[in-house]
Amino acid sequence: MRVLMTGGGTAGHINPALAIAAKIRAEQPDAEILFVGAKGRMETRLVPAAGYRIVTVDVRGFQRRLSLKNIGRNISAAVHAVTAEAASSGILRDFRPDIAIGTGGYVSGPILRKAAKMGIPVLVHESNAFPGVTVKMLAKYAAVTMLASEEARKYLPAGAKATVTGNPLRPEFLHLDREKARRELGADDRPLILSVGGSLGAARVNAAMAEVLARSAKDGRFQHIHATGSAGWESTCARLRELGVPENAPGITVREYIDDMPRCMAAADLVVSRCGAMTLSELPAAGKPAILIPSPNVAENHQFHNAMALVKKGAAVCLEEKDLTAERLWGEIEKLASSPAELRRMAENARKDAILDADDRIYAVVESVMKNGGRWPG
């Protein structure tokens with residue numbers, strides 16, 4: 001089987017694509033897989049590192065906010081859209097895929113539209129609770145759109161076929177052991193709060209958490225693991241020194257980046273986090289209550305929709321960044337972390353809709369569409 005994969009720009013688009021490719025390769029070792037990405041974007045580094053071949057097209061995203069600068073950018077994006085479609089034709093003719101699978105990002109648009117016009121079966125996967133512009137547009141061409149959350153279905157165009165598969169998870173999230181994780185991290189019996197601002201950092205989250213950590217260092221009721229992200233490391237450490245928090249304060253661990261997230265999440269009693277696509281799936285898989293602070297600087301405010309999908313299930317509290325203060329965040333943490341019964345209730349609600357077999361579901365969709373001549377029988 002020859003499979004064309006496309007999706008990029010952010011880890012939320014690239015990681016699901018890599019996971020789908022890995023599942024196909026595991027089931028069909030002789031499958032030929034080619035990725036199509038945007039020139040100069042993150043996928044050009046991550047995809048080869050995972051062992052897959054990638055070709056690129058020069059495509060740009062359209063700007064939604066009107067300004068003189070953005071009008072110029074949109075004219076350039078329109079020109080690149082035309083050239084990207086021509087480049088896509090050549091890629092498809094050369095590779096001759098049996099199926100084309102996209103996970104979002106504007107690079108998916110030209111190649112999957114052209115694939116559909118050429119009669120190649122198209123599948124789309126949406127990792128957020130609110131589908132992006134590209135996915136909503138491609139849903140009209142796709143045999144079926146695979147959704148991470150049932151919440152996303154109502155935002156698709158009328159007549160678009162969809163099925164809920166979940167987001168593929170790292171295997172480590174499927175075998176979490178709380179007590180083992182806590183031993184390995186040196187955690188004691190106090191509630192452990194894991195807080196994450198994002199891989200690049202989140203200034204408002206880091207600023208509020210610095211105050212929370214200082215208060216908690218004096219209070220002593222809770223223990224913390226906080227990740228600042230690369231952009232927030234120096235400023236957060238400097239702020240903690242100003243607040244009198246020693247570098248090795250008991251129960252307070254500050255890292256630049258968490259590279260053992262499954263272990264840290266397994267050990268945690270409460271998670272404070274942004275709400276990107278993978279968080280939407282990892283929190284339920286781990287069965288963790290959360291305080292979610294959606295980033296307001298993302299396309300179509302999709303992190304807010306992700307957060308609300310968990311809030312509606314009684315698994316999370318949403319604290320929008322416009323309302324974020326250290327006092328408010330401390331109050332939410334204190335209220336939840338001081339109530340074991342509430343944490344258990346939220347954890348149970350999180351687990352109810354966890355999808356732990358997303359890669360199997362996605363592969364079953366691929367097989368079904370291939371066996372049915374490019375159509376989704378569901």
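**View 1. The outward side of helix α13 in this predicted model.** Turned away from the buried side of α13 is a face carrying Arg344 and Lys352, both exposed. Now for the other side: the buried residues here are Leu343, Met346, Ala347, Asn349 and Ala350. Look down the axis of α13 and these buried residues sit within an arc of 160°, so they line one face of the helix. As a reminder, an α-helix makes a turn every 3.6 residues, so residues three or four places apart point the same way.

**View 2. What sits over the buried residues of α13.** The cover includes two helices, α10 (277–286) and α12 (326–337), along with strands β11, β12 (290–292) and β13. As for length, α13 runs over residues 340–352, which makes 13 residues. At 1.5 Å a residue these should span 18 Å, and the end C-alpha atoms are 19 Å apart, which agrees.

**View 3. The open sheet of 6 strands.** Reading across, the order is β10-β9-β8-β11-β12-β13, and the pairing is parallel. Who's at the edges? That's β10 (252–255) and β13 (316–318); each has a single partner strand, so one side of each is left without a neighbour in the sheet. From one strand to the next, the twist averages 15°.

**View 4. Strand β8 beside β11, with helix α7 on the sheet.** Strands β8 (residues 192–196) and β11 (residues 270–273) run parallel and are joined by 4 bridges. Pick out Val196 and you'll find its bridge partner in β11 is Ser273. Helix α7 (residues 203–219) packs on the sheet, where it touches β8, β9 (223–227) and β10. The direction of α7 makes about 160° with that of β9.

**View 5. Met1 and its contacts.** Met1 lies in the segment before β1 (2–6). Is Met1 buried or partly exposed? Its relative accessibility is 22%, so Met1 counts as partly exposed. Leaving out neighbours within four places in sequence, Met1 is in contact with Ile24, Gln28, Ala31, Glu32, Asp98, Val366 and Met370. Ala129 is 128 residues away from Met1 along the chain, and their C-alpha atoms are separated by 31 Å.

**View 6. Confidence along the chain, and residues 70–81.** The average pLDDT for the chain is 90, with 92% of the residues scoring at least 70. Over residues 70–81, though, pLDDT stays under 50. For that stretch the model has 13 contacts beyond four places in sequence.

How values were computed. Residues are numbered from 1 along each chain as its sequence is written. This is a predicted model: local features need pLDDT of at least 70, side-chain atom pairs count only at pLDDT 80 or more; totals for chains, interfaces and linings use all residues. Side-chain values use heavy atoms; hydrogens and water are left out. pLDDT is the predictor's confidence in each residue, from 0 to 100. Contact means heavy atoms within 4.5 Å. Two strands pair if DSSP finds at least two bridges between them. Axes are lines fitted to C-alpha atoms, for helices over the stretch in contact, and angles run from 0 to 180 degrees between N-to-C directions. The expected span of a helix is 1.5 Å times one less than its number of residues. Buried means under 20% relative accessible area, exposed over 50%, partly exposed in between (1.4 Å probe, protein chains only). The arc is that of the directions from the helix axis to the C-beta atoms.
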